[in-house]
Amino acid sequence: MEPDLLPTEIIVTHPRENLGKIQLDWTPQPGNYLNVEGKTYAVLERRHRYTLKSGQYRLHKIALYVQPSSPPREQSLVDGRWIIGDSSCRFNALSELIRCAVYPEGPCSSCRFYEQRT
């Protein structure tokens, strides 16, 4: 059985550019990474577009707002979601989008401010 393909519009946030429409068989969440035409983008925001058909609203397409990025080399699994960086560090933001306030560009292994989370 073929999975449902979601029509997805890809929009770069800055500078504003529409990369076009693609068909996805998964639903990217903010913090996920997406490869489009050989380039990697971080998903910042997802918006759903609905249509009214036969008295019911149905998902028509998804708009993803992205920014060019490279996938993080350091990730940790915390409470069932992937975060950037070393989750054992006290300064880690526990976020899919930002590593920490002290050394956001990383990597954690060379950070002189590392402190074990208590």
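Start with the largest nonpolar core by selecting Leu6, Ile10, Val12, Leu24, Leu34, Val36, Tyr41, Val43, Ile62, Leu64 and Val66, which are its 11 residues. A nonpolar core here is a set of buried Ala, Val, Leu, Ile, Met, Phe, Trp, Tyr and Cys residues joined through side-chain atoms within 4.5 Å, where buried means under 20% relative accessible area, exposed means over 50% and partly exposed lies in between, for a 1.4 Å probe and protein chains only. Colour strand S1 (6–12), strand S3 (33–36), strand S4 (39–53) and strand S5 (56–68) next, since each of them supplies at least two residues of this core; strands (E, at least two residues) and helices (H or I, at least four) are DSSP runs numbered from the N terminus. In soluble globular proteins, nonpolar side chains tend to be buried together.

The model on your screen is predicted, so local features need pLDDT of at least 70 and side-chain atom pairs count only at pLDDT 80 or more, while totals for chains, interfaces and linings use all residues. Residues are numbered from 1 along each chain as its sequence is written, and side-chain values use heavy atoms, with hydrogens and water left out.

Stay with the core and select Ile10, which, leaving aside its neighbours within four places in sequence, is in contact (heavy atoms within 4.5 Å) with Glu17, Asn18, Leu19, Gly20, Ile22, Leu34, Leu64 and Val66.

Now move to Gln67, which is found in strand S5 and is partly exposed, with a relative accessible area of 35%. Beyond its neighbours within four places in sequence, Gln67 is in contact with Thr13, Thr40, Tyr41, Ala42 and Leu44. Select Arg16 as well: Gln67 and Arg16 are 51 residues apart in sequence, and 9.7 Å separates them in space from C-alpha to C-alpha.

Where does Arg99 lie? Look in the segment after strand S7 (81–84), and is Arg99 buried or exposed there? Arg99 is buried, because its relative accessible area is 9%. Show the side chains of Arg99 and Glu74, which are joined by a polar contact of 2.6 Å; such a contact is a pair of N or O atoms within 3.5 Å, and within protein one must be able to donate a hydrogen and the other to accept it, while residues adjacent in sequence count only if both atoms are side-chain atoms. A polar atom of the Arg99 side chain also lies 3.4 Å from the backbone oxygen of Pro104.

Ser95 is found in the segment after S7 too, and it is buried, with a relative accessible area of 15%. The side chain of Ser95 reaches the backbone nitrogen of Ile98 at 3.3 Å, and, apart from neighbours within four places in sequence, Ser95 is in contact with Arg81, Ile83 and Ile84.

Finish with empty space by selecting Cys89, Phe91, Asn92, Cys100, Val102, Tyr103, Cys108 and Cys111, which line the largest cavity. On a 1 Å grid over the protein atoms alone, a cavity is a set of points where a 1.4 Å probe fits but cannot get out, whereas a pocket is an open set with protein on both sides within 12 Å along at least five of seven lines, and lining residues have an atom within 4 Å of a point. The volume of this largest cavity is about 60 Å³, and its lining divides into 7 nonpolar, 1 polar and no charged residues.

How values were computed:
Grid points are joined across faces, edges and corners, and a volume is the space filled by probe spheres set on the points. Ala, Val, Leu, Ile, Met, Phe, Trp, Tyr, Cys and Pro count as nonpolar, Asp, Glu, Lys and Arg as charged, and the others, Gly among them, as polar.
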